[in-house]
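Visitor: I have a structure open and would like to learn how to read it. Could you walk me through some features?

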Amino acid sequence: MANEAVKFVWEGAIPLQIHLHKSEVASHPAPPPALVLAPRLGYLPLLVALIKPYFKESLPPGEDSIWFDYKGFPLKWYIPTGVLFDLLCAEPERPWNLTIHFRGYPSNILIPCEGEDSVKWNFVNSLKEAAYIINGNCKNVMNMSQSDQEDLWTSVMNGDLDAYTRLSPKLKMGTIEDEFSGKTSSSSPQSRQGGTEADVAGQVKTARIPVRLYVRSINQDFENLEDVPEIDTWDDILYLNRPVEFLREEGKCFTLRDAIESLLPEFTEKRAQTSGEDGEEIAKDESEEAVGSPERSEIKLVRIQGIETKLEIPFSWVVNNLMNPEFYLHISVLVKAPQR
C-alpha cells in the first residue's frame with residue numbers, strides 16, 4: 001500500500017464548471033454548464049468523453065477541434081490539469097470555470113491534439129525523458145512490454161494507484177532516501193526516483209531529479225493572492241524543463257528552497273558584481289553607496305499538487321510523495337519581481 005501523502009495526491013481532484021462558448025451554441029435556450037470532477041493527475045482532453053455528450057445537441061454542424069480556455073486564455077492540453085489550476089489560479093477558484101470549444105482551434109498557440117492518443121504519446125515521451133535524466137538512458141521504458149505499457153497508462157487514466165504501484169517498479173527508476181523520516185519509503189511508487197551515487201561516509205551524494213518549473217513573475221504590488229493579475233499570454237510564464245542536481249552532504253538537509261534556487265540562480269547571487277571607474281569589478285556590498293542597492297525578486301508562493309509548500313521542507317520528501325506518475329516533479333512558483 002502506498003503512503004498517505006501519495007494516496008492524497010492520486011485522489012486529488014478539481015471541481016470544474018464547463019461552459020460551451022457562446023459562439024458555438026446552436027440551440028435555444030443555451031445549455032447550462034456541465035459539472036465535472038477532474039483528476040489532478042489527469043489531462044483536460046481525457047474529459048471530453050464525459051463532456052461532449054452533454055453538449056452534443058447544442059453544437060453547430062462541422063468537424064470537432066476541441067480545446068479549453070480559462071477567461072479567454074487557451075489552456076495547453078499536455079500540462080496536467082492540477083498544474084494548470086495551481087499555475088493560473090493564485091487564489092483557488094472552486095468550481096473552476098472553464099470554457100470548452102469544439103471549433104476554431106488556436107493552432108498558433110496550441111500544438112495539435114488528437115484526443116487520448118496525443119495525451120498518451122505525451123505521457124510516454126515524458127516518461128522516457130525522466131528515465132534518461134534519472135538513469136542516463138531510457139532502455140527500461142523502451143524494453144517495457146506493450147501490455148505493461150498499456151496497463152501503466154490505463155492506471156494513470158483511471159487513477160488506479162494500486163495498479164500503478166505494481167507496474168512502476170519495472171521502470172527501475174532508483175530510490176532516494178527520505179531525509180524527513182530518515183529512511184527510503186519503499187512502499188511509495190514515487191520513492192523510486194533519482195538513483196544516487198555510491199554512499200561514501202562524509203562525502204556529498206548526488207542524484208538527478210526531473211523537474212518542470214513554471215514561474216509567474218508579477219511586476220506590480222499585491223497584498224493578497226486574489227489581487228494577482230490574470231495571465232494574458234503564455235509568454236508571461238517562464239518554463240524550465242531541467243533536472244535538479246540533488247546534493248546531500250553529511251549533516252545538511254537539501255531543501256525545496258535549495259532545489260528551486262539551483263534552477264533560478266538569480267535568487268542566490270549574494271554579491272552581484274559592478275564595474276568601478278578604473279574597470280575593476282568590485283563587490284556589490286562595497287559599492288552600494290555609489291550605485292545603490294537594487295530591489296531583488298522575491299518568491300511569494302510555491303505550489304505543488306495543490307499544496308502551498310514551505311521552502312524549508314526536505315526536498316527528498318517532496319520527491320518521494322509529490323511526484324507525478326511520469327516521474328516529473330511539477331512546481332508552480334509565483335514571484336514578485338522588482339518594479340522597473
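**Reading the backbone and the charges**

Guide: Lys172 sits in the loop between α7 and β6. Helices (H or I, at least four residues) and strands (E, at least two) are DSSP runs, numbered from the N terminus. This is a predicted model, in which local features need pLDDT of at least 70 and side-chain atom pairs count only at pLDDT 80 or more, while totals for chains, interfaces and linings use all residues. Residues are numbered from 1 along each chain as its sequence is written, and side-chain values use heavy atoms, with hydrogens and water left out.

Visitor: What is the phi of Lys172?

Guide: Most residues other than glycine have a negative phi, and most peptide bonds are trans. Lys172 is not a glycine, yet its phi is positive, about 50 degrees. Phe327 has a positive phi too, near 70 degrees, and is found in the loop between α10 and β12 (329-336).

Visitor: Are Lys172 and Phe327 buried or exposed?

Guide: Buried means under 20% relative accessible area, exposed over 50%, and partly exposed in between (1.4 Å probe, protein chains only). Lys172 counts as exposed because its relative accessibility is 59%. Phe327 is buried, because its relative accessible area is 0%.

Visitor: Which peptide bonds are cis?

Guide: One cis peptide bond joins His28 and Pro29, with omega about 0 degrees. Pro29 belongs to the loop between β1 (13-20) and β2 (34-39). Another cis bond runs from Arg94 to Pro95, with omega near -5 degrees; Pro95 is in the loop between α3 (81-88) and β5.

Visitor: Now the charges. How many salt bridges are there?

Guide: A salt bridge is a side-chain nitrogen of Lys or Arg within 4 Å of a carboxyl oxygen of Asp or Glu. By this rule the count is 11. One of them pairs Lys7 with Glu4 at 3.8 Å, N to O. Both residues lie in helix α1 (residues 4-11), three residues apart, about one turn of the helix. Lys7 is partly exposed at 25% relative accessible area, whereas Glu4 is exposed at 59%.

Visitor: Which parts does the salt bridge between Asp148 and Lys170 tie together?

Guide: The closest N and O atoms of Asp148 and Lys170 are 2.8 Å apart. Asp148 is in helix α6 (residues 146-157) and Lys170 in the loop between α7 and β6, so their salt bridge ties together parts 22 residues apart in sequence. Asp148 is buried at 15%, while Lys170 is partly exposed at 43% relative accessibility.

The side chains of Arg257 and Glu312 also meet in a salt bridge, 2.6 Å from N to O. This pair links distant parts of the chain, 55 residues apart: Arg257 is in helix α8, and Glu312 is in the loop between β11 (307-308) and α10 (315-322). Arg257 is partly exposed at 32% relative accessibility, and Glu312 is partly exposed at 48% relative accessible area.

Visitor: Which residues are linked in a network of salt bridges?

Guide: Lys52, Asp64 and Arg103 are linked that way.

Visitor: And polar contacts: what joins the side chains of His101 and Asp69?

Guide: A polar contact is a pair of N or O atoms within 3.5 Å; within protein, one must be able to donate a hydrogen and the other to accept it, and residues adjacent in sequence count only if both atoms are side-chain atoms. The side chains of His101 and Asp69 make such a contact at 2.5 Å. His101 is in strand β5 (residues 96-101) and is buried, with a relative accessible area of 5%.

Thr165 gives a case with a backbone partner: its side chain reaches the backbone oxygen of Leu161 at 2.7 Å. Thr165 lies in helix α7 (residues 161-167) and counts as buried at 18% relative accessibility.

Visitor: How many residues of α10 are buried?

Guide: Seven of its eight residues are buried, and α10 is mostly covered. Among them are Phe315, Val318, Val319 and Leu322, together with Asn320 and Asn321.

Visitor: Where is Leu264, and how far in space is Leu264 from Val215?

Guide: Leu264 is in the loop between α8 (256-263) and β8 (273-275), and is buried, with a relative accessible area of 2%. Leu264 and Val215 are 49 residues apart in sequence and 9.7 Å apart in space, C-alpha to C-alpha.
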